[in-house]
Amino acid sequence: MSAAQQILGSANMSESPAQSPTSGERNDRLWDMSSFRHGLPDEGGNSSTAGAPVAGANSEPEKNDDGTPKPMRGGVSLDTMRSLYGPGTGFGGLRRSNSSVVYPGGPPEFPPVKKLNPLQKKRILVSGGAGFVGSHLVDRLMLMGHDVIAIDNYFTGSKMNLAHWFGHPNFEMIRHDVVDPIMLEVDQIYHLACPASPVHYQANPVKTLKTGFFGTYNMLGLAKRVKARFLLTSTSEVYGDPEEHPQKETYWGHVNCIGPRACYDEGKRVAEALTYSYARQDGVDVRVARIFNTFGPRMNWHDGRVVSNFIVQALKGDDITIYGDGSATRSFQYVHDLVDGLIALMESDYTDPVNLGNPEEYTIKEFADMIVELVNEHRARYGDAGKTSTVTYLPAVADDPQRRKPDTTRAKEVLGWAPQWAAVDGLKETVAYFYQMMHQH
Ligand SMILES: NC(=O)c1ccc[n+]([C@@H]2O[C@H](COP(=O)([O-])OP(=O)(O)OC[C@H]3O[C@@H](n4cnc5c(N)ncnc54)[C@H](O)[C@@H]3O)[C@@H](O)[C@H]2O)c1
C-alpha cells in the first residue's frame with residue numbers, strides 16, 4: 001500500500017462515529033480527503049482520476065473552457081478564487097464593499113466561506129499572511145471555512161492583499177514581527193514570514209538571518225506550547241547551485257555560505273535544522289515544504305523576481321533584462337498548485353521535507369520569449385497596440401544557480417500531489433492581473 005493510500009485509509013477510518021475524537025482524528029476529518037483522489041497514482045503507478053499531473057501524466061486533468069484545471073483542493077472553485085484578484089472584478093473584487101468598522105451601504109459583502117462544524121473548524125495561524133503566497137493560502141483556508149489569523153510586519157506584504165477579509169468573523173490580521181515572540185491559541189501554524197526575493201532579502205541580510213532563525217524559533221516555540229502542527233515554507237535555495245539534477249529531497253545541497261544569497265539560503269537551512277531539532281527534542285509535529293519558483297497574481301511587481309520583472313517590462317514595452325546569457329534553467333509553478341500542495345502536506349502524516357514545484361523546465365530566454373508573446377496577445381485583445389519588448393543581456397548575478405528543477409516523486413507518492421497548471425496557463429492569469437494593476441495606476 002502506498003503512503004498516500006495509507007493516508008487515505010486512516011482518514012476514512014476516522015470517519016466512523018467517535019465519541020470524543022483525538023486531535024489526530026480531527027485533523028484527518030478537516031480535509032476533504034476525496035479531493036486527494038485527484039491524480040493519486042494507483043498500484044500500477046497510473047493516475048487514477050481527473051486532476052492528473054501536467055508533466056508525465058497518463059490522463060489529462062479535467063479542464064475549464066479556458067484550459068485551466070477544474071478542481072481546486074478544498075472544494076473551492078477557481079471562479080471564487082479569481083473573484084478575489086481577477087480582472088473584471090476590480091482589484092480585489094468583492095472587497096470593495098467591505099469595511100471592518102462602518103457599513104454605510106448595508107452589511108459588508110464577503111466571499112462565500114464554507115460552514116464547518118466545530119470539530120472540523122481549525123484555528124490556523126499564517127505568518128507572512130499578507131505576502132504573495134500567504135494571501136492566497138489565507139484565501140483558500142478562509143473559503144474552506146476555517147478561522148484564520150494572519151500575522152505580518154508588512155515588510156514585503158500588503159494589507160491590500162487581504163482587505164477583502166477585514167471584518168469577517170473568521171479572520172484576524174495582526175501587525176507583528178516574528179523576530180519577537182507572540183502568544184496565540186492555534187491548531188496549525190503555516191510559517192511563511194520571510195522576504196523571498198533577492199532584492200528584499202539582500203536589503204538587510206542581518207534581518208533576513210534573524211527572521212530565518214528567531215522567526216522560526218518563535219513560531220516553533222509557539223507550536224510546542226500550544227501543541228499546534230507546524231509547517232515551514234522552506235525553499236529550493238537550500239540546494240544552492242545544485243550538482244544533482246533534478247533535485248531530490250535527499251540531496252544535501254551546494255550553498256555558498258558567505259555569498260550575497262547566504263542570508264536567505266542559510267537562513268532557511270537553519271530554519272529546517274531548528275524545525276527537526278524541535279521535532280526530535282520536544283516532539284513538535286512538523287512539516288517542511290521546499291518550494292521552487294512560484295508565480296501568480298499579487299506578486300510584488302517591484303521585487304525583481306523573474307516573472308514579475310519580465311511581465312512588467314513587457315507590459316511597459318521596455319527591454320527585457322536577462323542576467324547572464326539566458327541559458328540558465330528554471331521551473332515555475334503557479335500559486336494555486338503551491339497552495340494545494342501546502343494544505344495537502346499539512347494534512348498528511350508525512351514529516352520529512354517535500355519538494356513542491358513544477359518540473360516543466362525552461363531556459364530564462366524561453367521564458368522571456370513566452371511572456372513577450374502572451375503580453376502581446378493580451379494587449380491585442382484590448383486593442384492596445386503597445387511596443388514589443390526586445391531581450392537584452394546583463395552580467396550574471398553572483399551565485400545565481402544555473403539549473404533548478406524539482407523531482408516531485410515524493411510529493412506524488414506521499415501526498416497524491418502533482419502540479420495541475422501548465423506554466424503558460426498560469427502566466428495568462430498573471431499577465432491579466434498585472435495589466436489590470438497597471439491600468440489602475
Ligand atoms: N514565491 C516563491 O517563489 C518562493 C519560493 C521558495 C520559498 N518561498 C517561501 O514562501 C514564503 C512566502 O514567500 P512569498 O513569495 O509570498 O514572499 P513575500 O515576500 O511576498 O511574503 C513574505 C511575507 O512575510 C512578511 N514578513 C517578512 N519578514 C517578516 C517578519 N520578520 N515578521 C513578520 N512578517 C514578515 C512580509 O511582509 C510578507 O508579507 C517565504 O517564506 C519564502 O521564503 C517562496
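**Close-ups of a helix pair, a sheet and a ligand shell**

**View 1. Helix α8 meets helix α10.** The axes of α8 (residues 306-316) and α10 (residues 364-381) come within 9 Å and cross at roughly 45°. An angle like that falls outside the roughly parallel, antiparallel and perpendicular ranges, so α8 counts as oblique to α10. As for handedness, α8 passes α10 in a right-handed crossing. Keep in mind for this and every other view that the model is predicted.

**View 2. The side of α8 that faces α10, residue by residue.** From α8, look for V306, F310, I311, A314 and L315. Their partners in α10 are I364, F367, A368, I371, V372 and V375. What classes of residue make up the contact of α8 with α10? Sorted by class, there are eleven nonpolar residues, no polar ones and no charged ones.

**View 3. The seven-stranded open sheet.** Reading across the sheet, the strands come in the order β3-β2-β1-β4-β5-β6-β11, and the pairing is parallel. At the edges sit β3 (171-175) and β11 (354-356), each of which pairs on one side only. Going from one strand to the next, the twist averages 20°. As a reminder, strands of a sheet pair through backbone hydrogen bonds, either parallel or antiparallel.

**View 4. Zooming in on β1 and β4.** Strand β1 (residues 123-127) runs parallel to strand β4 (residues 188-191), and four bridges join the two. Want a landmark? Find V126, which stands opposite Y190 in β4.

**View 5. Two helices packed on the sheet.** Helix α6 (residues 205-226) packs on the sheet and touches β1, β4 and β5 (229-235). The direction of α6 makes about 170° with that of β4. Helix α9 (residues 335-347) also packs on the sheet, where it touches β4, β5, β6 (286-291) and β11. Here the direction of α9 makes about 160° with that of β6. Both β4 and β5 are therefore touched by α6 and by α9.

**View 6. The shell around the ligand.** How many residues surround the ligand? The count is 28, and the closest are G128, G131, V133, T156 and G157. Helices α4 (132-143) and α6, along with strand β5, each supply at least two residues of this shell. Which element gives the most? That would be α4, with three residues. By class, the shell divides into 13 nonpolar, 13 polar and two charged residues.

Notes. Residues numbered from 1 in each chain as written. Predicted model: local features only at pLDDT ≥ 70, side-chain atom pairs only at ≥ 80, totals over all residues. Pairing = 2+ DSSP bridges. Axes fitted to C-alpha atoms, helices over the stretch in contact; angles between N-to-C directions. Contact = placed C-beta atoms within 7 Å. Near = placed C-beta within 6 Å. Nonpolar A, V, L, I, M, F, W, Y, C, P; charged D, E, K, R; others polar. Parallel < 35°, antiparallel > 145°, perpendicular 65-115°, else oblique. Left-handed = near helix turned anticlockwise from the far one by under 90°.
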